[in-house]
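Let's take a friendly walk through this two-part model, with the sequence and structure open beside the text. Please have your viewer ready.

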Amino acid sequence: MRIVNPTFGVAAAGGDKVALKPINWATDAIALMSNSKPNARELLDGIRAKLGATRAVDNIDFHYKNSASQPAPKDLIEKVAANYRGALLAIAD
Amino acid sequence: MKDIAEQEVIDIGDMDVEAFNEFAAEQGWSDGMPLYVPTEEKVAKFVERVRGDNRPFPPVPPRQVVPTLQSLAANAVMAGCKPEYFPVVTAAMRGVLDPDYNLHGTLATTHSCAPMVMISGPARMELGVNCGSNCFGQGWRANATIGRALGLMLLNVAGAKPGEMDRSTQGNPAKFTFCFGENEEENPWTPYHVQRGFAPTDSVVTVMSGEGPHNLNDHGSTTGDGLLTTFAGGMANPGANTIYGKGPMFVIIGPEHAATLKRDGYTIESIREELWKRSRVHISRVSKENLETYTTTGHKPDGDWLTIGRDPSDIHITVAGGPGKHSAFVPSFGGTTVACVRIAT
């Protein structure tokens, strides 16, 4: 018996590859990205404090989406990409 | 040999229905209830129904694959649809793919939201969609299977597998199916699709990522003013996404309640205005921690009150159901929209 696969789909065209540059986690600027749920900031606060034990944290900054339920806006993503070498995302509920 | 996921047509050998259901469950294709077998012949009958609608589908998030009409139809067959339902199912799929519907967010969230599917216009009668008594419930093949087909597409094409990409904490029975028709015949105002700019003769599918219907029982009020007090009390819910998620919500008024409101001079616009004013949540009903979060994330109370939705236009009004003194409130995920799509004929 031949059936049609209910999961079948064609891979979307495009899918640009991003060239990753090396990051030095000991010195480079890092964005701490919150998904805007209440506990995400708490988690990121803890990460920043722990990083502070081994490196300077004056170039580790917090950023958050306007809404937990919406994707990050393009201008925020571009801002983070332009100003930081790494980003840590918290999706803590 | 290609992996099963890469093959549009699969030869599964000789299998009876029970064996197919075991096979489908192993593949992760099932919502837990028995499935029809999506044979090539059955799928072809469904696809034939939408041959005039050649608009391509965009990639479906979160899996980001472009479905074919055949793969969508396979889900409609498995759900138990009749071929004539398929244009409604594809319209519903196009609705959830509206970028403002936020399909990725609504599928991946821990919230319980599921797609609410409402059918308006002549297709309701042509397909036997229940718009009257028990319209949210069991007993009608069109309601049961159109909503189910969309759920299976989101599972199989979008990839919203429970516990994996679908991260809902508790889920919601509406994830099996939540499909009903507007009761236009007993709507004393304008049918919903006409409110949205469609012609009365158009058949339209409306989708919103919502919770299940919350009952609004009012046997005692004999005035429109009294009914709106009850409705607003049911809507003022500190545990819904309406305060910080904002976004749309539906009030689906039962015909008897609608007749009382109409008699007392209420219009769709005045009902929205009144409900928005009266459904505010007093800060005494909100925890200190939540109030602090709302205040620091742009949802500061207006005096001692928090509003639900952004403004009255977030409250969408329609009429459905049969005799009885009940209406329903359907809050949404919040970061979503109410999408309407004309059914291709």
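A good place to start is where the chains pair strand to strand. Strand 2 of chain A (residues 9–11) and strand 2 of chain B run antiparallel and are joined by three bridges. At this pairing A:Ala11 sits opposite B:Val65. Two strands are said to pair if DSSP finds at least two bridges between them. Helices (H or I, at least four residues) and strands (E, at least two) are DSSP runs, numbered from the N terminus.

Before going further, please note that this is a predicted model: local features need pLDDT of at least 70, side-chain atom pairs count only at pLDDT 80 or more, and totals for chains, interfaces and linings use all residues. Residues are numbered from 1 along each chain as its sequence is written, while chains are lettered from A and ligands numbered from 1 in the order in which they are written.

**Where the chains meet**

In the contact between the chains, 18 residues of chain A meet 43 residues of chain B. Contact here means that the C-beta atoms of two residues, placed from the backbone, lie within 7 Å. On the chain B side, at least two residues each come from strand 1 (9–11), helix 2 (40–48), strand 2 (65–67), helix 3 (69–79) and helix 7 (141–156). Helix 3 of chain B gives the largest share of that side, six residues. By type, the side of chain B that touches chain A has 21 nonpolar, 18 polar and four charged residues. In this scheme Ala, Val, Leu, Ile, Met, Phe, Trp, Tyr, Cys and Pro count as nonpolar, Asp, Glu, Lys and Arg as charged, and the others, Gly among them, as polar.

**Two helices of chain B**

How do helix 3 and helix 7 of chain B pack? Their axes are 8 Å apart and make an angle of about 130°. Axes are lines fitted to C-alpha atoms, for helices over the stretch in contact, and angles run from 0 to 180 degrees between N-to-C directions. Helix 3 and helix 7 of chain B are therefore oblique to each other; angles under 35 degrees count as roughly parallel, over 145 as roughly antiparallel, 65 to 115 as roughly perpendicular and the rest as oblique. From helix 3 of chain B, B:Leu72, B:Asn75, B:Ala76, B:Met78 and B:Ala79 meet B:Thr145, B:Arg148, B:Ala149, B:Leu152, B:Met153 and B:Asn156 of helix 7 of chain B. Seven nonpolar residues, three polar and one charged make up this contact of helix 3 with helix 7 of chain B.

**The sheets**

Each chain also has an open sheet, set out here.

| Sheet | Strand order | Pairing |
|---|---|---|
| Chain B, four strands | 6-11-7-10 | mixed |
| Chain A, three strands | 4-3-5 | parallel |

In chain B, strand 6 (214–217) and strand 10 (315–319) stand at the edges with a single partner strand each, so one side of each has no neighbour in the sheet. The twist of the chain B sheet averages 25° from one strand to the next. Four bridges pair strand 6 of chain B with strand 11 (residues 326–331) of chain B in the antiparallel sense, and B:His214 stands opposite B:Phe329. Helix 11 (residues 268–278) of chain B packs on this sheet, touching strand 7 (249–253) and strand 10 of chain B, and its direction makes about 130° with that of strand 10.

In the chain A sheet, strand 3 (residues 30–34) and strand 4 run parallel and are joined by five bridges. There, A:Ser34 stands opposite A:Tyr64. Helix 1 (residues 38–51) of chain A lies across strand 3, strand 4 and strand 5 of chain A, at about 160° to strand 3.

**Backbone details**

Two loops deserve a look. B:Pro61 and B:Pro62 are joined by a cis peptide bond, with omega about 0°; B:Pro62 is in the loop between helix 2 and strand 2 of chain B. A:Ser36, in the loop between strand 3 and helix 1 of chain A, has a positive phi, near 75°, in a residue other than glycine.

**Each chain as a whole**

Chain A has two helices and five strands, and its elements run β-β-β-α-β-α-β from the N terminus on. The radius of gyration of chain A is 18 Å, well over the 12 Å that the globule rule gives for 93 residues, so chain A is more spread out than a compact globule. That radius is taken over C-alpha atoms, and the globule rule is 2.2 Å times the number of residues to the power 0.38. Chain B has twelve helices and twelve strands. For chain B the radius of gyration is 21 Å, close to the 20 Å from the globule rule for 345 residues, so chain B is as compact as a globular protein of that length.
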